[in-house]
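Please look over the sequence and the structure shown here before reading on. The briefing that follows is grouped by topic and is meant for a reader who is new to this structure.

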Amino acid sequence: MSTQIHPSAILDSSIDLGVEVRIGPYAIIEAGCVIEDYCQIAAHAVICKGTLMGPHNQVGYGAIIGADPQDYGYRGGRSWVEIGSGNKIREYVTIHRASTEGTATSIGNDNFLMGGVHVGHDAEIGNHAILANNTLLSGYVEVGDGAFLGGATIVHQYTRIGRLAITRGGTRLGKDVPPYFMATDTNEVSGINRIGLRRAGFSHETRRAIQAAYEMLYRSELNVTQALEELGRKFHLAEIAHLIGFIRASKRGICRGNRAPKMEEEE
């Protein structure tokens, strides 16, 4: 098919438009945007100035991408939103551009942002993440590859969600969620993301090691520093090294463990 632009859509003459792009009724694309091949922009969506969008992205009805950051410190400097390829950005999603001159809010590849999701300024989302309806990310939040955020998850600024972590719907986070773990309630983790790890192809040995790491961090008598040292001695797996590095790099601290009884063995 050829590029299809509805007559009611408003496109600035300076935009860089790829091939076979579809733009629906009353959509607006402002100056300086790049919309690469095979993207679909639904009716009433607004793509604000300076947004850079790779190929094969879908933008839903009424979504707003690249609007000014909600940051009192923002003084109008040049910043933007960078979006990779293959993302599904559904109805009424809002993604704000960065608040610092010369920086970007970043969305990777093959992510699924469901209806009503908000991505605040300077946030970074990796690849293959899923953000369910009405998830809210404040400024500078980081979401790792393959993470799954349940509906109405609320994330405080500067908080990090690790690779293949998962949150239950309605979770409230102001502490980092380590990779591979499940977050619940307010700043708690309650186990590992078993189903997600299986789907990602993690071996039985690796899943057991991640479960053992969880137990050592949250069910042993060791403090976090001691637990990380012991994990480094006991396991020589890339996934455990990644977990250790994530926790050591935390500035806000990691979620606490809940008071549930000891987990069952990984099958």
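**Strand pairing, cysteines and a loop residue**

Strand β12 (residues 80-83) and strand β15 (residues 104-107) pair with each other in the parallel sense, and 4 bridges join them. The model is a predicted one, and the points below take up the sheet, the cysteines and N187 in turn.

The sheet

- Within the pairing of β12 and β15, I83 has I107 of β15 as its bridge partner.
- These two strands belong to an open sheet of 8 strands, which runs in the order β3-β6-β9-β12-β15-β18-β21-β24 with parallel pairing.
- The edges of this sheet are β3 (16-17) and β24 (160-161), and because each has a single partner strand, one side of each is left without a neighbour in the sheet.

The cysteines

- A search of the whole structure finds 0 disulfides.
- For C33, the closest cysteine sulfur is that of C48 at 7.4 Å, which is too far for a bond, since a disulfide needs the two sulfur atoms within 2.5 Å.
- C33 counts as buried, with a relative accessibility of 1%, and C255 also counts as buried, at 1% relative accessibility.

The loop residue N187

- N187 sits in the loop between β27 (181-184) and β28 (188-192), and it counts as buried because its relative accessibility of 15% is under 20%.
- A polar atom of the N187 side chain lies 3.1 Å from the backbone nitrogen of K175.
- Apart from neighbours within four places in sequence, N187 is in contact with R172, L173, G174, K175, C255 and R256.

Methods:
Residues numbered from 1 in each chain as written. Predicted model: local features only at pLDDT ≥ 70, side-chain atom pairs only at ≥ 80, totals over all residues. Heavy atoms only, no water. Pairing = 2+ DSSP bridges. Buried < 20%, exposed > 50% of the residue type's maximum accessible area, 1.4 Å probe, protein only. Polar contact = N/O pair within 3.5 Å; in protein donor to acceptor, adjacent residues only side chain to side chain. Contact = heavy atoms within 4.5 Å.
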